Every structure is written in C-alpha cells, then in structure tokens.
Amino acid sequence: MPDNSRYLSTQSFTVLVPVFNEEESLQQFVVEMNKFLEVTPVATTVLFVNDGSTDGSLALMRNICRQDSRYEFVSLAQNRGLSTAIKAGIDHARGTLVGYIDSDIQTTPMDFLELLPFLPEYDMVTGIRAKRQDSPVKLLSSKIANNFRRLMINDGIVDTGCPLKILKIEYARRIPLFHGMHRFLGALVQLQGGKVKQLPVRHFPRFAGTAKYNLWNRLWKPLVDTFGYRWIRSRWKNYEVGEKHHAA
C-alpha cells in the first residue's frame, strides 16, 4: 500500500451522505462515522444532503450538526433522486477530495481508510462490495444491469453501485448532472482522462428502514440510463489550459 501521508496532510475531505427518509439509521450512522473521524489522516467534514425527506431525518440532521461542527447539511426543497443529491453535495463541498457513502450503514466509513492511500496516484478510488448482504432479487438485478453496462460502455467498473467512493474535487466538479448519473461516476472520471482504482470493501445487512429501490429502478432504469450515458460520451469534450494571466 503506498505511503501518501504527506499528500493527505495537505488535503481536505468532504464526505457526502445523501439522505432520504433514513431517520431510523442516522443516529447509528453518526456512531459509525465518528469512528472514522477519530482516526482519519485527512481533515474531514461530513456533508448530509437531505433529498426531500418526509420523515424526521431533517430534524435529526439539524440536531447532529448543532452538536458537532464536523457535520454540515444542505437540504433540497424537493425529492430529486440520488444523482441530484450527489451532484448537490459536490456543488457544496469545500474539500479537495470528495467522498460518497450511503446512510444505511451497509458500507462502513472505516473502509475509507482502505481507499485513501491510493490518492493522489488515482483520481477516483471506488469500492467493490465483497460478500454482498442483499436479497437474491437485488443481487440478480444488479448483476444483469452491471453486465449490460459493461457490455455497452466497456468502462471496466465492476460494482458501479457501491456507495463508497473518493474523487478528486476537480474531476467531481466536471461531472454533468443527468438522470442516473450516479451509476456512471467511474466512467465519467475516465472520460476526463482520469484513473480509477477499484478495491474490495465490506458490506453489511441494512441496519434499519427499507430500501428505496425496487426491481423497476434496479434493472430497467439502469438499462435506459446506459443509452443516455452513451449519448453524452459521444459528445464529450475535454480541454487543457496552455497559459493564463490574471490581472493584479
């Protein structure tokens, strides 16, 4: 594992946590996140993104943030879906590195410690959920959707749905918002010429509450979104600045 302690000491890390009706999990999520915050080698802020929750999630987030300055939140006026919540978090992140984790505690914040050593060599480091603790329907639909996506776009990303990722902010900022964007974060970094590292991470049964996805949006929507990504890829443009001057 590379030694990047000097690099991390100069960086700041914002962990995005999209939240939609997760009041049953939030308190335990904070317990798990605090374990990471106590040992993280990089200055870290946790940014909740409330995606129009209709339960008590927003009130809990307000209370968490009042009690601990390491936590912040932004609340969307309406429920807009996971892609929009992630993009809103990126837009409001102040760190040089931006991470993403779900609040359902099926992945652990401690596994960010496995991903961080591969920066700055890579521009995105993403997890592969090992020994997934999901229902047979979820596992099958994810496998079909992942295989179809790889066949259609050949991005090499094994587990695009893994909710544990770290990106350099300059790559994250250039990611466009579109329906299903969260399924193509690795591919969108690669489109910019970025390097993506994939590593196995732990996976756990859902702590509480119910999943927000059904067979329709686990299978059919990812297939449709893949064609949308192919359209964006066919029109994607990059540029490099050769020289610039700022007036005093």
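Two strands are taken to pair if DSSP finds at least two bridges between them, and the strands themselves (E, at least two residues), like the helices (H or I, at least four residues), are DSSP runs numbered from the N terminus. The structure described here is a predicted model, in which local features need pLDDT of at least 70 and side-chain atom pairs count only at pLDDT 80 or more, while totals for chains, interfaces and linings use all residues. Residues are numbered from 1 along each chain as its sequence is written, and side-chain values use heavy atoms, with hydrogens and water left out.

In strand pairing of this kind, Val125 stands opposite Ile166 in strand 6, and strand 5 (residues 124-129) and strand 6 (residues 164-168) are joined over three bridges in the antiparallel sense. An open sheet of seven strands shows mixed pairing and the order 3-2-1-4-6-5-7. Strand 3 (71-75) and strand 7 (196-201) form its edges, and because each has a single partner strand, one side of each is left without a neighbour in the sheet. With direction ignored, neighbouring strands of this sheet are turned by 20° against each other on average.

Two helices lie across parts of this sheet, where contact means heavy atoms within 4.5 Å, and where angles run from 0 to 180 degrees between the N-to-C directions of axes fitted to C-alpha atoms, for helices over the stretch in contact. Helix 3 (residues 57-67) lies across strand 1 (12-19), strand 2 (43-50) and strand 3, and runs at about 145° to strand 3. Helix 4 lies across strand 1, strand 2, strand 3 and strand 4, running at about 150° to strand 1.

Empty space was examined on a 1 Å grid over the protein atoms alone, a cavity being a set of points where a 1.4 Å probe fits but cannot get out, and a pocket an open set with protein on both sides within 12 Å along at least five of seven lines; lining residues have an atom within 4 Å of a point. The count comes to one cavity of 30 Å³ or more, and the largest cavity has a volume of about 60 Å³. Its lining includes Leu16, Ile86, Ile90, Tyr100 and Leu185, and strand 4 gives the largest share, three residues. The second largest pocket holds about 190 Å³ of space and is lined by Tyr171, Arg174, Gln192, Trp236, Lys237, Asn238, Tyr239 and Glu240.

Methods:
Grid points are joined across faces, edges and corners, and a volume is the space filled by probe spheres set on the points.
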